[in-house]
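Here is a brief report on one protein model and its ligand. Keep the sequence and the 3D view open while you read.

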Amino acid sequence: MTPLVSIIVAMDEKGGIGKNNRIPWHIRKDLIRLRDMTKGRLVILGRTSYESMAGYYDKSGRPMPAGQYIVITHDENFKSARNNTFAATSIESALGHAKENGEKEVFVIGGETIFKQFLPFAKKIYMTVVKGNFGCDTFFPNYSGFKKLISLENDSDEGIDFTYKILEK
Ligand SMILES: NC(=O)c1ccc[n+]([C@@H]2O[C@H](COP(=O)([O-])OP(=O)(O)OC[C@H]3O[C@@H](n4cnc5c(N)ncnc54)[C@H](OP(=O)(O)O)[C@@H]3O)[C@@H](O)[C@H]2O)c1
């Protein structure tokens, strides 16, 4: 069975998702939520975001939480020191790998180029909207096709207000 493709994204009020290859806010609660949602699961992400995330975990000394990472890259020789990380050289091969693995739901976690290409395949978006404008240089694409608001919850942490939304097509 083809897995359900879900997107997890945190964006500011301008739709910004990153700046200088980093996420320009730090919200512990949101990171814990991402960790809990992806723990042991299959995650798909772009090579740039993977390197940024792996660097963050390397510094903290903690293991990366997902069960498997599929890194999208044009580099056929891509290798990671982590034994739960695999490369895919196209969107289709990443989805094919997830299907072969028997996954029911896979999580696409960024960045900009990956969100753009996976949005047509996605049925669900787990979104965190962070209050403010963080002067980002990368953005989430137009998601006007996701018209069903499944849930909405306001929260705050470390002096930052944000809203969790779950949207479906
Ligand atoms: N706020 C959030 O939720 C969130 C989440 C994740 C990331 N981010 C932010 O997003 C930014 C990074 O986004 P980005 O768009 O620059 O990078 P990205 O989407 O993470 O990765 C781009 C790379 O993916 C590979 N790629 C993309 N499409 C491909 C395809 N069709 N076939 C093969 N390979 C493909 C290429 O890797 P190669 O160059 O190796 O070929 C490309 O350079 C950072 O600022 C990051 O912090 C934010």
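## Around the ligand

Eight nonpolar, 15 polar and four charged residues make up the shell around the ligand. The model is a predicted one. Of the 27 residues in the shell, five come nearest to the ligand: Gly18, Gly46, Ser49, Gly110 and Gly111. Two strands, E1 (4-12) and E2 (16-18), each give two or more residues to this shell. Helices H2 (47-60) and H4 (112-118) do so as well.

## The sheet

Eight strands form an open sheet with mixed pairing. Their order is E5-E4-E3-E6-E1-E7-E10-E9. Strand E5 (85-88) and E9 are the edge strands, and each pairs on one side only. On average, neighbouring strands are turned by 20 degrees against each other, direction ignored.

At the E5 edge, strand E4 (residues 68-72) runs parallel to E5, and four bridges join the two. Val71 faces Ala87 of E5 across this pairing. Helix H2 packs on the sheet, where it touches E4 and strand E3 (42-46). The direction of H2 makes about 110 degrees with that of E3. H2 also appears among the elements of the ligand shell.

## From E1 to the other edge

E1 and E7 run parallel, joined by seven bridges. Ile8 has Tyr126 as its bridge partner in E7. On to the next pair: E7 and strand E10 (residues 160-168) are antiparallel, again over seven bridges. Here Val129 is bridged to Thr163 of E10.

E10 then pairs with E9 through nine bridges, in the antiparallel sense. Asp157 stands opposite Ile160 in this pairing. E9 and E10 form a hairpin with two residues between them. Glu158, in the turn, has a positive phi of about 50 degrees.

## Enclosed or open?

Why is strand E7 described as largely enclosed by the rest of the structure? Five of the seven residues in E7 (residues 124-130) are buried, so the strand is largely enclosed. And why does E9 lie largely in the open? Of its ten residues, the number buried is zero, so E9 lies largely in the open.

## The nonpolar core

The largest nonpolar core holds 39 residues. Val43, Ile44, Leu45 and Val108 have the most contacts inside this core. Nonpolar side chains tend to be buried together in soluble globular proteins.

Take Ile44 as an example. Residues up to four places away in sequence are not counted here. Ile44 then touches Ile70, Ile72, Ala94, Val106 and Val108.

## Phe140 in its loop

Where does Phe140 sit? Its place is the loop between strand E8 (138-139) and strand E9 (148-157). Is Phe140 buried or exposed? Phe140 has 25 other C-beta atoms within 10 Å, and the cut-off for a buried residue is 20 or more, so Phe140 is buried.

Which residues does Phe140 contact, leaving aside neighbours within four places in sequence? They are Val9, Met11, Gly15, Ile17 and Phe115. Thr113 is 27 residues away from Phe140 in sequence. In space, the two are 8.9 Å apart, C-alpha to C-alpha.

How values were computed. Residues numbered from 1 in each chain as written. Predicted model: local features only at pLDDT ≥ 70, side-chain atom pairs only at ≥ 80, totals over all residues. Near = placed C-beta within 6 Å. Nonpolar A, V, L, I, M, F, W, Y, C, P; charged D, E, K, R; others polar. Core = buried A, V, L, I, M, F, W, Y, C linked by C-beta atoms within 7 Å. Buried ≥ 20, exposed ≤ 12 C-beta atoms within 10 Å, placed from the backbone. Contact = placed C-beta atoms within 7 Å. Pairing = 2+ DSSP bridges. Axes fitted to C-alpha atoms, helices over the stretch in contact; angles between N-to-C directions.
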